[in-house]
Amino acid sequence: MPETIAVPSFSARIVERLSVGATSRRERVIHSLDGLEDPVHPDTLADTGADLWRLLQEQVPDGLDSVDFLLGLDAGGILPTVSLAGAAQLPYKIAWKLHLPLDGAVRFSEPHAMRTDVFAYGIAPGQRIVIVDDEITTGRTLTDLTRRLREAGTVPLAAACLVEDTTRGARGLLTDLGLPLVSLTTIEGAA
C-alpha cells in the first residue's frame, strides 16, 4: 500500500528582519512555501497552487478562461507563480530586477526594496495577465505594476498572493484601480 504523506496546511507569520537598511522594511513575512524553517514537500507546493487557483476561480469568475499568462515577481513570487501555473495549466513569466535589452519591457517600481527597478519583458498590447506574488503589504508595487501594464496596453485581470497584510491598505489601493486581489491567507502585520 502506498504511503500517505500528510501535507501541512499553508501558514504564515511575521518575523523581525535583522541588519536592514534605513529604507527597508523592519519585518518579513515568512510562509510555508519559502523553505526558511522547514523543508517543503512537492505536494505542499502543488496543493498551495491548487488552493490559490480555486480561490481565483471563485472570486474572479469572469476572464480567467482567457488568461495569456501569469506574471510573477522575483524572488518571492516565483514559487507561488510556478505552483499556480501548474494547477491552472497556464504559462508564466517572471519579472526580474534585471535591466536587459529585450523587447516588450515594462519597468515598474518596488519602492520598499534596496533595488527598486523591476522589469517584465515580452509584454504586448492585448495580453491578459494575472499578477502573482508571495505577499502584499502596502500594495504600492502591484499598484505601480498594474498602471505600467495598462499603459503598455495589457489587461491585468487580477492579483493573486499567498499572504495579504490587512493592516496597510493594499486591498483598497488595488480595489481603487479595479484590480481584484485574491489572497490565500491574511495576516495582521506590524504597523
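Helices here (H or I, at least four residues) and strands (E, at least two) are DSSP runs, numbered from the N terminus. This is a predicted model, in which local features need pLDDT of at least 70 and side-chain atom pairs count only at pLDDT 80 or more, while totals for chains, interfaces and linings use all residues. Residues are numbered from 1 along each chain as its sequence is written, and side-chain values use heavy atoms, with hydrogens and water left out.

**View 1. One turn of helix 3, bridged by Arg148 and Asp144.** Start with helix 3 (residues 140–151), where these two residues are about one helical turn from each other because they sit four residues apart. Their side chains meet in a salt bridge (2.9 Å, N to O); the term stands for a side-chain nitrogen of Lys or Arg within 4 Å of a carboxyl oxygen of Asp or Glu. Asp144 is buried at 13% relative accessible area, whereas Arg148, at 28%, is partly exposed. For these words, buried is under 20% relative accessible area, exposed is over 50%, and partly exposed lies in between (1.4 Å probe, protein chains only).

**View 2. A salt bridge within helix 1, between Arg54 and Glu58.** The closest N and O atoms of this pair are 3.3 Å apart. Both residues belong to helix 1, again four residues apart, or about one turn of the helix. Arg54 is partly exposed with 40% relative accessibility, and Glu58 is exposed with 52%.

**View 3. Arg168 and Glu27, a salt bridge between distant parts of the chain.** The N to O distance here is 2.6 Å. Arg168 comes from the loop between strand 8 and helix 4 (170–176), and Glu27 from strand 2 (residues 27–31), 141 residues away. Glu27 is buried, at 14% relative accessibility, while Arg168 is partly exposed at 25%.

**View 4. Ser183 and its partners in strand 9 and beyond.** Look for Ser183 in strand 9 (residues 181–187). Is Ser183 buried or exposed? With 11% relative accessibility, Ser183 counts as buried. Its side chain makes a polar contact with the side chain of Glu164 at 2.7 Å, and another of 3.4 Å joins it to the side chain of Arg171. A polar contact is a pair of N or O atoms within 3.5 Å; within protein, one must be able to donate a hydrogen and the other to accept it, and residues adjacent in sequence count only if both atoms are side-chain atoms. Beyond neighbours within four places in sequence, Ser183 is in contact (heavy atoms within 4.5 Å) with Leu55, Cys161, Leu162, Glu164 and Arg171.

**View 5. The buried residues of helix 2 and what covers them.** In helix 2 (residues 78–88), the buried residues are Pro80, Thr81, Ser83, Leu84, Ala85 and Ala88. Their cover includes helix 1 (42–59), strand 3 (69–73), strand 4 (92–95), strand 7 (128–136) and strand 8 (155–165). Just after the helix comes Gln89, with a positive phi near 55 degrees.

**View 6. The whole protein, with four helices and nine strands.** From the N terminus, the elements follow the order β-β-α-β-α-β-β-β-β-α-β-α-β. Stepping back, you can picture the C-alpha atoms in a box of roughly 50 × 45 × 35 Å along the principal axes. Of the 191 residues, 45% are buried.
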